[in-house]
Structure formats: C-alpha cells, structure tokens
Amino acid sequence: MLDDMAIATDFLVTSKAAVRNLAVAITETATPEVKKLLRRELDIAIDTHDKIAQYMIKNDMYHAYNIEEQVEHDLKKADVALELIKNKNFV
C-alpha cells in the first residue's frame, strides 16, 4: 500500500531525473528553437522538484538540512520494508 511519503518520494526522484535528463538534452541539441523549449521545460522541472522537496520538508518526510535525522528516517523506512518482506514470506 502506497502512502503519501512513498508517493512524494517517488515523485521527487522522478522530478530529479527529469531535471538531469533535460539538462543533458540541452547539451545535445543544436537547434536554437529546441534548446529554448528544453530550457523552459527545465525551469518547470526545477520548480516542480523544489515544490515537492518543500512539501516533504514541511511534512517531516525529508530532512534535507539535518543528515542525522535523514539517516535515522531512512533506516526506519528500511526496517519497515524488511518487515513487510518478512511478513509476506519473500525471504
């Protein structure tokens, strides 16, 4: 079952990949019109990533400014995932 944090995390990772892919596409494009279009899309992707990150920070899903809290948060998520796997007899 997906919860808000799982959905937000997936969206954050996907938006980061979009930023990276658009940046690469800009460097591979020679046509000025296409570059202009890709730059607009890159700006939108960066803005989207920022909005998701801010939402996650505000809702205590992402601890971007405190590495110890983020590591503890990630370890708890990993423990939950391991328990889910054990309860489903995958291991």
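Here is a walk through the structure above, from the whole chain down to single residues.

Keep in mind from the start that you're looking at a predicted model. Let's begin with the big picture. The chain has three helices and zero strands, so if you read along the sequence, you meet the pattern α-α-α. How spread out is the chain? Its radius of gyration is 18 Å, while the globule rule gives 12 Å for 91 residues; because 18 Å is well over that value, the chain is more spread out than a compact globule. You can get a feel for the outline from the C-alpha trace, which spans about 55 × 30 × 20 Å along its principal axes.

What about inside and outside? Of the 91 residues, 19% count as buried. The chain exposes about 7300 Å², and carbon and sulfur atoms supply 60% of that area. Contacts tell you something too: take those with a separation of 6 or more, and 45% of them come from residues 24 or more positions apart.

Now zoom in on helix 1, which runs over residues 4-28. Its 25 residues reach 36 Å from the first C-alpha to the last, close to the 36 Å expected at 1.5 Å a residue. Which of its residues are buried? They are Met5, Ala8, Leu12, Ser15, Leu22 and Ile26. As for what covers these buried residues of helix 1, the list includes helix 2 (32-58) and helix 3.

Next, hop along to the loop between helix 2 and helix 3, where you'll find asparagine 66. Its relative accessible area is 26%, and since buried means under 20% and exposed means over 50%, asparagine 66 counts as partly exposed. Compare its position with that of threonine 27: the two sit 39 residues apart along the chain, and their C-alpha atoms are separated by 34 Å.

Step on into helix 3, which covers residues 67-87 and holds valine 71. Why does valine 71 count as partly exposed? Its relative accessibility is 41%, which falls between those two cut-offs, so partly exposed is the right label. Valine 71 also has company: together with Ile67 and Leu75, Val71 forms a nonpolar patch on the surface. The accessible area of the three together is about 290 Å². Look at the numbering of the patch and then think about helices in general. An α-helix has 3.6 residues a turn, so residues three or four places apart point the same way.

Note on methods:
Residues are numbered from 1 along each chain as its sequence is written. This is a predicted model: local features need pLDDT of at least 70, side-chain atom pairs count only at pLDDT 80 or more; totals for chains, interfaces and linings use all residues. Side-chain values use heavy atoms; hydrogens and water are left out. Patches are made of residues with over 30% relative accessible area and no salt bridge: like charges are joined within 9 Å, nonpolar side chains (Val, Leu, Ile, Met, Phe, Trp, Tyr) within 5 Å. Accessible areas come from the Shrake-Rupley method with a 1.4 Å probe; for residues, only the protein chains shown count as cover. A salt bridge is a side-chain nitrogen of Lys or Arg within 4 Å of a carboxyl oxygen of Asp or Glu. Helices (H or I, at least four residues) and strands (E, at least two) are DSSP runs, numbered from the N terminus. Buried means under 20% relative accessible area, exposed over 50%, partly exposed in between (1.4 Å probe, protein chains only). The radius of gyration is taken over C-alpha atoms; the globule rule is 2.2 Å times the number of residues to the power 0.38. Contact means heavy atoms within 4.5 Å. The expected span of a helix is 1.5 Å times one less than its number of residues.
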